[in-house]
Amino acid sequence: MPDQPADVPPADEHRPPADAVKVVVWDLDGTTWDDVAVELPDGARPEPRPDVLAAARTLAAHGVVSSVASRTDPAVAALLTDPPTPALAALADLVVAPRLGWQDKSVMLAAIADELGVAVGSLLLVDDSGFERAEVAARLPAAGTTTRAALLADLAAPHPTVLPARTSTESADRTRRYQAEARRREAAASYADRDAFLAACDLRLTVRPATPADRDRVVELVARAHRLASTRVELDPASYDAWLAAGDRRVVVAGLVDRFGDHGTIGVALLAEGDGATTVEGLAVSCRVAGRGVPGAFVTTLRHHVTGGALALPIRVTSANVELRMLVRSLGGTLEVLGPDEVVGRFAPGPPPPPPDWLHVDDRLAPQETP
Amino acid sequence: MTDTDTRTVVLDLLATASGVSAADLAALPDATPLFGPPVGLGSRTGAQLLDRILATTGVDVAGEDLALESLTSLGALVGFVADRR
């Protein structure tokens, strides 16, 4: 264990704001299980605490995934990759992007955030070591820290702050989707050429009008997406209904499937008609599908259903959504600056570019349902 | 640092982001667009490039150029960074 830094703050827990936690990162020794794995006698296995497994299941059911950061012998990872007991198998089934080694916890948490494509501020470390919580608080202050007892107490409360206020039917599948993403990365590593890998993935994008059954997922996606989000609209189920009823408006959603599994609904566009033009009042695409041409194909499909292909996309600029501005430029659009944090992406009339060769687009926007 | 040094730095960072070698990038004319062939920058790799330019040179292209006009061509990006170093 390294020397304690001189500027370590008190080891109080630091809980992120409500609705901010996307990933709970569990310490193992002394937190997830009571033993120290490397000190057990030959043949003995640590036993995950039933209350921790139950907590991880509750979190997963609400779309908050669990990860692991443990300062231990990296060989202990075999307990998760090839679990020798049913309890360890249950734990492995709930975990994504685990980190086991001798690095500082702050380094591990940063790596987990990077692998999952989420902000560090959406991580909550659960660790019964005050030193480890303090190390993370000092070196990765955006991340939250807490103890096992505090987290379990929160989950037992009538309104747990660690759980999102609203979830969709797709939330419970989030752990599976991250695990499928890990299999994709593993498969991609065997291809020297990324385009060849993408061609082998059998990527199928479906673009269709939203139905009332999509409402919760639309609201959730608008709230959760940051990198590929126009961030001008805040929605809850009531305001979503009010927005739809306020004029000539449509909601379009996109779903993605590949040979590794179903990504679910990964994109939403809130479209408004006015003065003979179509405006995308809200656009949000899951960061899980970035880097494979999907966001561009989604926008391009929308343009196919707009007279002349002209489309306006107002964007509230944040430090997180430069990728969306970049998307507009990469699709041949321009960005008009309206203020210090307001731009409008504009696509001039004309034929949109075709989707990449590796992506099949199933366009289900029938003429009577188009913007 | 000279404009030539800035060009070398930007091309190295662009090579990392795009997968095109720095030598091949150096042979391209300034008017070469960054999106589409032969550079083939995309939305994700473009954002990564601006992150790396900020970390390496201190120039915040995304923050100072909201319209991302500096991404229209190789020469425009090099010029934007050189003007602010």
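## A helix residue and its distant partner

A:A137 belongs to helix α5 of chain A, in a structure that is a predicted model. With a relative accessibility of 22%, A:A137 counts as partly exposed, because the buried class requires a value under 20%. A:A137 and A:H14 stand 123 residues apart in the sequence, while their C-alpha atoms are 7.7 Å apart in space.

## Packing of α4 against α5 in chain A

Two packed helices are described by the angle between their axes and the distance between the axes. For helix α4 (residues 105-116) and helix α5 (residues 130-139) of chain A, the angle is about 65° and the axes are 8 Å apart. On the α4(A) side the residues in contact are A:K105, A:S106 and A:L109, and these meet A:E132, A:E135, A:V136 and A:R139 of α5(A). By character, the residues of this contact comprise 4 charged, 2 nonpolar and 1 polar.

## Nonpolar cores

In soluble globular proteins, nonpolar side chains tend to be buried together. The largest nonpolar core of this model has 71 residues, and those with the most contacts inside it are A:L205 and A:F298 from chain A together with B:L50, B:I53, B:V61 and B:L71 from chain B. Helix α1 (residues 3-18) of chain B gives the most to this core, contributing 7 residues. A second core, separate from the largest one, has 29 residues and includes A:W33, A:L88, A:L91 and A:L124.

The surroundings of B:V61 can be set out in detail. When neighbours within four places in sequence are left aside, B:V61 is in contact with B:L50, B:I53, B:S70, B:L71, B:L77, B:F80 and B:V81.

## The contact between chains A and B

The contact between the chains draws 17 residues from chain A and 15 residues from chain B. Together the two chains bury about 1,300 Å², of which 68% lies on carbon and sulfur atoms. Within chain B, the residues that lose the most area to chain A are B:S43, B:R44 and B:L66, which together account for 45% of what that side buries.

Between chain B and chain A the count is 1 salt bridge. A salt bridge joins the side chains of A:R329 and B:E69, with a distance of 3.1 Å from N to O.

## Salt bridges

Side chains of opposite charge can pair when their charged atoms come close. Over all chains, a search of the whole structure finds 33 salt bridges. One of the pairs is A:D34 with A:R49, whose closest N and O atoms are 3.0 Å apart. Both A:D34 and A:R49 lie in the loop between β1 (23-26) and α1 (50-61) of chain A, and they are 15 residues apart. A:D34 counts as exposed, because its relative accessibility is 54% and exposed means over 50%.

A:E181 and A:R184 form another salt bridge, with their closest N and O atoms 2.9 Å apart. Both residues of this pair lie in helix α7 (residues 174-188) of chain A, 3 residues apart, which corresponds to about one turn of the helix. A:E181 and A:R184 are both buried. A network of salt bridges, in addition, links A:E170, A:D173, A:R174, A:R177, A:R217 and A:E220.

## Backbone geometry in the loops

Most residues other than glycine have a negative phi, and most peptide bonds are trans. A:A97, in the loop between α3 (86-94) and β3 (99-101) of chain A, has a positive phi near 50° although it is not a glycine. A:A97 counts as buried, because its relative accessibility is 8% and the limit for that class is under 20%.

A:D202 also is a residue other than glycine with a positive phi, of about 55°, and its place is the loop between α8 (194-200) and β6 (203-209) of chain A. A:D202 counts as partly exposed, with a relative accessibility of 40%. The side chain of A:D202 forms a salt bridge with A:R204, the closest N and O atoms being 3.5 Å apart, and A:R204 is itself partly exposed at 37% relative accessible area. In chain B, the peptide bond from B:P37 to B:P38 is cis, with omega near 5°, and B:P38 lies in the loop between α2 (22-26) and α3 (43-57) of that chain.

Note on methods: Residues numbered from 1 in each chain as written. Chains lettered and ligands numbered in written order. Predicted model: local features only at pLDDT ≥ 70, side-chain atom pairs only at ≥ 80, totals over all residues. Heavy atoms only, no water. Core = buried A, V, L, I, M, F, W, Y, C linked by side-chain atoms within 4.5 Å. Buried < 20%, exposed > 50% of the residue type's maximum accessible area, 1.4 Å probe, protein only. Helix = DSSP H or I, 4+ residues; strand = E, 2+ residues; numbered from the N terminus. Contact = heavy atoms within 4.5 Å. Axes fitted to C-alpha atoms, helices over the stretch in contact; angles between N-to-C directions. Nonpolar A, V, L, I, M, F, W, Y, C, P; charged D, E, K, R; others polar. Buried area = accessible area lost by both parts, 1.4 Å probe. Salt bridge = Lys/Arg side-chain N within 4 Å of Asp/Glu carboxyl O.
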